[in-house]
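The report below describes a structure, moving from one chain as a whole to the contact between chains and then to a single helix packing.

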Amino acid sequence: MIKLTIDDKQVEVDEGSTVLQAADKLGIHIPTLCYHKSLAPYGACRVCLVELTGSRGSIIQASCVYPAQEGLTVRTDTERVLKARRVMLELLLARCPDSERIKEMAAESGIEESRFPKKDDDCILCGLCARVCEERMGVGAVSFANRGSAREIAVPYDKHSQICITCGACQVVCPTDAVDLTEVTLNKPRPIMSDYDMGLSPRSSIYIPFAQAIPKVAVIDRNTCMHFLKDVCKSCENFCEANAIDYEQQDEFEEVDVGAVVLSPGFEQFDPDLKKELGYSRYPNVISSLQFERLLSASGPYLGEVLRSSDQKHPKKMAWVQCVGSRELECNYCSSVCCMYATKEAIIAKEHAPDLDCTVFFIDMRAFGKGFDAYYERAKELGVKYVRCRPSSIKEVPGTKNLRITYQGADGEIATEEFDMVVLSTGIRPPEEVRELAEKCGIELDQYGFAATQGLAPVETSKPGVYVCGPFASPKDIPETVIEASAGAAKAMALLTRERGTLITHREYPPEKDVSGQPPRIGVFVCHCGRNIGGFADVPGVVEYAKTLPNVVYAEDNLYTCSTDTQERISQLIAEHDLNRVIVASCSPRTHEPLFRNTCRQAGLNEYLFEMANIRDQCTWVHMHEPEMATRKARDLVRIAVAKARLLEPLVKGHLKVNNEALVIGGGLAGMTAALNLADQGFKVHLVEKEQQLGGNFRHIHSLLSGDDPQEKLTDAVGRIDSHPKIDVYLESKVSAVDGSVGNFKSTIQRNSTEKEVSHGVAIIATGANEYEPTEYLHGKDPRVLTQRCLEEWIAEGKPELQNLKSVVMIQCVGSREEARPYCSRICCSQAIKNAIALKDMRPETDVCILYRDIRTYGLLEEHYRKAREKGVRFIRYEENQKPEVSVKDGTLSVSSVDPILNAPVCVDCDLVVLAPAIIPDERVDEVGKLFKIPLNQDKFFLEAHMKLRPVDFATDGVFMCGLAHCPKSVEESIAQADAAAARAATILSKDEIELEATISEVVDENCDGCAYCIDPCPYNALTLIEYMYKGDIKKTVERDGALCKGCGVCMATCPKKGIFVRSFKLEQLGAMVEAALEEA
Amino acid sequence: MADEQFEPIIVGFCCNWCSYAGADLAGVSRQQYPPNLRIIRVMCSGMVHPNLVIDALTKGADGVLICGCHPGDCHYLEGNLKAENRKEAIELMLEDFGIEPERFRLEWVSASEGPRFAEVIREMTEAVRALGPSMYKA
């Protein structure tokens, strides 16, 4: 090792290192243009000049080539150095006056204008391109040519190189952007495009897939990495300070024994290039919907700005084209999600630019999900235009690169409109590679390649024990995917009940040492994080500073504080110095706090006596050009952490015994399914049904489009429930009172005048919904006007009224999608089609006409829509403001409507009018909502914890829902959601006790005067006002339910008297941090 | 020169679930912003007592920033809306203390908005710098 001094700082480096490398080790920045870590030093640009003092006086030398020598004294910032560097930069600036990099460096040295005569070159002859090509790639396609002032970088004979491997390294390393790869190579250079940005931005061959990737480590793309392709390069190795690059790494195969398999391989985007007429890969401003999602993202290719690919300008007029790769001959299904994502994209695009003109070309608006129609209406209010037409082609306008769409307008006329940008709403395809997976698992796929499932077993494949969830079974949205994921887990858990918990290993920790009454003894560990912190802030300086802070008894720096050996060292130091508080100043607590807390626990220290200072993500990484300020801020952040650490208290996580029984309210399909799954998992279930028998709405369903027999399923389910030892059924009953919270509820089940109290750990709300009783269209006045449910029963019974029917008219959206009930009832379109097909099958001559607003046969239901049309069922659309009219004249029933396509009235005489009434919430929802303190949405369906990600949970822990109580849904979807609710419930029931978060609120009884300001704002209903006798008086105070509180602290910020606080975030603790932030270092 | 420029101190209460993560992302993506912010991590913007804001400003902070989740994204349902409701009260208190309203800000920054976090800090630092040191500064 060699010792030398640079700017008064000592450094030790390996033999053969240069002065520049030594300075780099110290974090001293020396500007350079021709130096590259993976190439031999060259000394061409002469910008890295430093002053060396030795026995023979001082000299100015290029630090990149000068070897580090024992005892050498180097200065990087003397006036002589700066002056010499300025002259070099002036010469370079004169040679390449347009180079951004040189201009920037010159400006940093205080040069505005060069005194030398300007040339118009762009190459500084640093040779980086030629050197990388020769040294790393072993090719030598570019090199120096000529001598003296004619010296230049060139390809031999000024022709495109035949030996160039088109790796692009020359272009990448060039500091002045002087190399154009297309002038070097014979081949067409193809940039490597980022998969994450959907091909909208380039990436390198070694890359971190995206900012939130887990694990967040770099990967090498073996298909493009030059080392893997040509056995050259290996440059990344020279840059990785952790020596983590391993080119020899191989794929590893692991074998695991499992009892069940859940398949969730997701979906692929339809390749829009297959639709040549839409010009996807030919026209830069035609992009796919997933690409547009990237454009909208703050982390996207233009950092959240919506820009055209062709000219990076903001579009003024945009179009979305729906059903690209969906609802067509070869792909006869609806992708289910595109109508809503296009609507969402249009709304967000308009949020970016309110004047943006947005048009969506669509066939049917399939806003069938919960809250979707309201969202669609909002888009229209915001000015998003919807045109009901499928454009046949897109043409680019030469010059502007705008796009011309020809379509049939509302009036039937052919119109042509120009747009700046077109988004193709590409459909969902099963991923290509799952065919192999399916084969290996031995499951059947359907005609499109989706996993084949049965209607009444929506997550079960053709092979027992293999389950499927998400879009691999059929196209679906996020909430349905999340529901099926839980349903798959429920099925697997029921199958593997005996094995539950057998693979869990518990980690042992030493007993915790008692720190009560001890003054704080703080240890501070400051991390270099390689160069990530140490390269930009003076870490040893921060350590020295930390030692001066009150109660700090030990401080040190570590190269990587998170490394395994440092964990052991921290453990030892805690014992050695009797530390009772630990601070790590490094990266983010969001990623590393669990690791260090665990280290504390292993050293016998309570994990809440740990604090972090984020001096990397929130300091050195964001102040890379201001080392002094970064150091100062790092000191401040450590001081703030010390201020908090001094006030930290050991906390204990509470534990709550869990009652392992479940209460299921509602004995319809959803309630029965949930009860059976939980009982199959071994949990006792109390199933409460208001009617005299189980089954609910399901009793009225006699056929399904999938061909399954619902009545058979009903008989089977009721039979199993009756005989299941784990299920108690309470018929003609209701829940009249609920007390307690997650893990320990006590509910009263009331039947007539008798009451029974049951204890349970969770509750599942499956209270269902009802069919709207239409008052319109002569329903209830003429017996020939009936509902779809009634028709279905007639068909099942073989009613004589159905013989020899000449004509039947069906009217959709009766009571749905209108002012009183602005939501879609979701199942009526497919129910009507199911019954229409049944009528046609009974008597093909019967004229069946369906009057609809949008046909919403989403997903795989689409094929039944086509089947109905093939069988001759007529579909005539009507507009909301021109509803059909049903009348009786001389005993003849007739329906008249206006066909918006022909813009002409249609009138049909018919034997029957069949209405598709809305699904309306059960009348008891308010009551149930109050009992469990769970909210309803505007339409009076229960409101889940999160519309997309937590569709069966409530914000209140331990309460779940399924079935129609959530929103209108099909039989299959109710089953999946019921299983999902069972799975979610089992996450609690399968534990003997639940661990409560320690950092929750705590009431300070002596400060609380019972003003109750905090009670309403608590989002979890965790606070209750109570009274008790104290010294002969009534004392009011607030009680906190530890099982419900999540520690959000809204109560603390509301309390005027310091009567309640959140542990670890006490006002005094936060206040001390504020004061420390304001102290001068 | 830089030495003569007034360097304000801004105290930032950042929600653990969104803007604290957004600040981390700003770091991960090397978004540079002025080094004047001192972040104090809180679990929710709705946890920040108005007294903390007033205390900070009367004890010498040149600015105070509360950063929470966008409306609808709160980890605790609607703590951010509670923070927004308190904003007005805080502004009234600032008036009583004679503190310029620009010294206090409430902003929504999500975990994926690293660039936006940096932009908010740049903007606020410049605005507070333009106001000059707080009158409560010792």
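## Chain A and its contact with chain B

In this predicted model, residues 24 or more positions apart account for 67% of those contacts in chain A that have a separation of 6 or more. Chain A contains 27 helices and 49 strands, and of its 1081 residues 44% count as buried. Taken along the principal axes, the C-alpha atoms of chain A fill a box of roughly 120 × 90 × 55 Å.

Where the two chains meet, chain A contributes 42 residues and chain B contributes 44 residues. On the side of chain B that touches chain A, at least two residues come from each of helix 1, strand 2 (37-42), helix 2 (50-58), helix 3 (79-96) and helix 4 of chain B, and helix 1 of chain B gives the largest share, eight residues.

The table sets out the residue classes for that side of chain B and for a helix contact within chain B.

| Set of residues | Nonpolar | Polar | Charged |
|---|---|---|---|
| Side of chain B that touches chain A | 23 residues | ten residues | eleven residues |
| Contact of helix 1 of chain B with helix 4 of chain B | six residues | three residues | one residue |

Within chain B, helix 1 (residues 19-28) packs against helix 4 (residues 114-131) at an angle of about 95°, their axes lying 7 Å apart, which means that helix 1 of chain B is roughly perpendicular to helix 4 of chain B. In this packing, B:Ser19, B:Gly22, B:Ala23, B:Leu25, B:Ala26 and B:Val28 of helix 1 meet B:Gly114, B:Arg116, B:Phe117 and B:Ala118 of helix 4.

Terms used:
Residues are numbered from 1 along each chain as its sequence is written. Chains are lettered from A and ligands numbered from 1 in the order in which they are written. This is a predicted model: local features need pLDDT of at least 70, side-chain atom pairs count only at pLDDT 80 or more; totals for chains, interfaces and linings use all residues. Axes are lines fitted to C-alpha atoms, for helices over the stretch in contact, and angles run from 0 to 180 degrees between N-to-C directions. Helices (H or I, at least four residues) and strands (E, at least two) are DSSP runs, numbered from the N terminus. Angles under 35 degrees count as roughly parallel, over 145 as roughly antiparallel, 65 to 115 as roughly perpendicular and the rest as oblique. Two residues are in contact if their C-beta atoms, placed from the backbone, lie within 7 Å. Ala, Val, Leu, Ile, Met, Phe, Trp, Tyr, Cys and Pro count as nonpolar, Asp, Glu, Lys and Arg as charged, and the others, Gly among them, as polar. A residue is buried if 20 or more other C-beta atoms lie within 10 Å of its own, exposed if 12 or fewer, and partly exposed in between; C-beta atoms are placed from the backbone.
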